[in-house]
Amino acid sequence: MAKFQSYYILCPLIDQNSFLGVTEDKESENVVVTLSRNVVNKYRLSDQKQIGGWTSKDHITAPVIYDKEQESYIGVFNKNTIKSWKNDDDNLDKLKKYKFSINILKLVARTNDTALIIFENGNCASLPYGVDNRKTYENKLLIKESETIIDVACCSIDKKEYVCYVLKNKKDAYEILTCPIREELGDLEKAKLNRIKVTRSEDVYVVGHLICTHSKNIYILWSDSKMGIYDIKEKSWKVTFSIPWISTVSEVSVAWMGDNNLIFFGSNTEQDGAILVAYNVALGVGSCKYPMKMYTQHAKLYCFNSRILLQASNHIGMLPYILETDRNLSSLLGSHDAQENQTVIADWGTSDQPLFRISNEMQELLLKGLSERSIFAQIIPSVVKTNDFNHILKALLEFQDIPESNLVMLLNYTIKEMNVDHIDITNEDEFLNFCSSQLDYSEDKYELIPKFVLLNHLLRTSFSDALMLPHLQNGMSLDNGLFLLSYIAYLITETDLYIAHESIMYDWCTLLLDAFYQQYLMIKDEKVSYVLEKVRKIVVGLIDNLNNVSSVMPELDKIINKSQVPEEKVLSTYTIELLNI
């Protein structure tokens with residue numbers, strides 16, 4: 001399952017219409033961005049810094065690629081000229097030109113071979129063969145004059161290279177063309193060329209497409225949200241699942257994230273903004289979504305090194321993500337809408353009553369087939385209105401999968417009821433005295449105990465940080481965030497309550513720093529500086545402790561294995577000897 005992190009800007013766009021694309025660099029951490037017809041830059045994804053770049057007087061007409069076989073950057077200029085250069089070259093206008101007799105569409109980098117030249121007429125050739133025969137290369141059309149190549153990729157199936165095209169004609173009809181290529185020359189084996197029409201009996205049209213070289217499939221998204229999959233190896237076609245949360249009235253961009261996950265970018269269902277949707281094609285469920293303010297038509301979408309790169313209106317955006325393999329399946333149930341009818345319980349000769357005690361309200365919702373998250377979201381508001389902390393805690397204990405929006409709501413409610421506004425978190429003694437009151441059973445502090453018990457339980461509750469982040473940003477105040485950071489620091493350093501839940505405490509710290517990052521930078525407040533410095537000291541202290549443990553471990557291992565610990569020898573550049581005369 002996918003989890004999104006914070007959105008960053010990789011670089012501004014010079015002109016949206018002249019942006020050509022992003023390709024992988026020599027190092028997986030870097031990318032090559034062809035910003036316009038005259039500018040190519042290199043960026044490091046980890047810190048969004050530009051680490052190189054070139055300009056050209058000749059118009060660049062396709063994304064620049066890095067060819068691992070030749071260890072060079074290759075570019076297409078004026079649609080019919082190829083140039084190659086090294087990283088330390090600084091003037092592209094003085095490079096040797098290789099001019100072709102026919103127009104070039106783009107270059108396709110290959111993992112274990114030289115790049116492939118794709119011509120506008122549908123033919124292709126390996127880079128060395130194409131350059132050597134550039135003046136006499138075949139000019140015969142492989143595709144019809146009314147057709148345009150809108151997507152092309154090269155994939156390997158059973159140790160055989162195939163080139164795959166998605167074609168579109170003037171009537172907006174689509175076709176898929178696949179053909180094996182000869183190993184050395186890189187040209188097409190036209191006797192084995194295969195064409196298949198992209199069509200359905202329903203009155204629908206194509207809104208998105210992707211040639212995936214990893215899964216060896218071509219994905220087609222239709223206007224009714226259905227996903228079609230063409231298996232390149234089996235040459236078979238099927239229409240499967242529906243994509244949730246995204247509007248398929250307008251064009252949708254598609255990219256491959258990895259581990260059976262696709263990423264979609266398009267307009268949201270209300271048509272008042274944009275959305276990124278991660279979808280697991282193996283399970284057939286939407287696993288994560290990221291709302292955005294502005295939809296960009298024909299936006300280019302890529303995934304490199306666990307980061308999504310998106311062409312926005314005036315910049316290239318970057319959204320890091322994590323692909324989880326062990327996420328609870330119960331959290332995915334909310335991605336499908338439950339029908340308002342009761343489930344039919346089979347008669348297997350056993351009782352149809354639950355084996356555990358549940359409230360009547362929960363039993364009614366269970367019979368409707370609602371997910372655990374949906375049930376919790378419906379019953380918790382009425383439970384909170386009772387202002388009975390023991391009742392709220394009892395309701396929480398009945399659930400394992402709690403929506404992140406409700407978790408933030410309960411945290412805000414608990415902090416408000418604890419009346420922390422009068423607590424000065426920059427006064428260490430006062431704050432420690434307040435936190436330690438959860439262990440004080442005196443009459444004046446007894447009412448705080450159930451509130452601390454509820455707060456501690458909420459902090460132990462599992463959650464998805466990608467789903468939690470927007471709710472923290474929009475639903476929690478900075479003061480509440482600072483209090484939570486201070487309280488978690490207290491739990492880590494001053495108590496043994498969270499030894500078994502240490503990892504989730506660190507997750508909370510990271511999430512709270514992420515959620516209020518901009519406010520931390522912009523607000524020059526003593527409280528903010530104090531809390532951040534306190535967290536920094538704790539992190540430094542923990543790192544020092546880990547380093548101390550690392551230095552002691554080899555010696556402990558020798559003692560356990562009963563091996564002799566060598567004495568330390570004093571090394572010096574000279575020696576002193578005493579002689580008796």
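Which residue in S5 is the bridge partner of Val32? In this predicted model, the partner is Lys42, and the pairing belongs to a run of strands that is a good place to start.

Strand S4, residues 30–34, has strand S3, residues 21–24, as one of its pairing partners; the two are antiparallel and share four bridges. Along this pairing, Gly21 lies opposite Thr34 of S4, while Thr23 has Val32 of S4 as its bridge partner. The connection from S3 to S4 is a hairpin of five residues. S4 also pairs with strand S5, residues 39–44, again in the antiparallel sense, here through five bridges. Four residues lie between S4 and S5, which together form a hairpin. Val32 thus appears in both pairings, with Thr23 as a bridge partner and with Lys42 as a bridge partner in S5.

The side chains of S4 are worth a look as well. In a regular strand, side chains alternate between the two faces of the sheet. In S4, Asn30, Val32 and Thr34 point one way, and Val31 and Val33 point the other way. Both sets are buried, and S4 is accordingly described as mostly covered, with five of its five residues buried.

Further along the chain comes the nonpolar core. In soluble globular proteins, nonpolar side chains tend to be buried together. The largest nonpolar core of the model holds 61 residues. Those with the most contacts inside this core are Phe434, Leu459, Leu472, Phe483, Tyr487, Trp508 and Leu512. Helix H9, residues 478–494, gives the most to the core, contributing 11 residues. For Phe483, once neighbours within four places in sequence are set aside, the contacts are Ile415, Met418, Val420, Ile425, Phe431, Phe434 and Leu455. Phe434 therefore features twice, as a contact of Phe483 and, like Phe483, among the residues with the most contacts inside the core.

H9 also packs against helix H12, residues 526–560. Two packed helices are described by the angle between their axes and the distance between the axes. For H9 and H12, the angle is about 30° and the axes are 10 Å apart. Angles under 35 degrees count as roughly parallel, so H9 is roughly parallel to H12. Their crossing is left-handed. On the H9 side, the residues that meet H12 are Leu478, Asp479, Leu482, Leu485, Ser486, Ala489, Ile492 and Thr493. Their counterparts in H12 are Lys527, Val528, Val531, Lys534, Val535 and Ile538.

Notes. Residues are numbered from 1 along each chain as its sequence is written. This is a predicted model: local features need pLDDT of at least 70, side-chain atom pairs count only at pLDDT 80 or more; totals for chains, interfaces and linings use all residues. Side-chain values use heavy atoms; hydrogens and water are left out. A nonpolar core is a set of buried Ala, Val, Leu, Ile, Met, Phe, Trp, Tyr and Cys residues joined through side-chain atoms within 4.5 Å. Buried means under 20% relative accessible area, exposed over 50%, partly exposed in between (1.4 Å probe, protein chains only). Contact means heavy atoms within 4.5 Å. Two strands pair if DSSP finds at least two bridges between them. Axes are lines fitted to C-alpha atoms, for helices over the stretch in contact, and angles run from 0 to 180 degrees between N-to-C directions. Angles under 35 degrees count as roughly parallel, over 145 as roughly antiparallel, 65 to 115 as roughly perpendicular and the rest as oblique. A crossing is left-handed if the near helix is turned anticlockwise from the far one by less than a right angle, and right-handed if clockwise.
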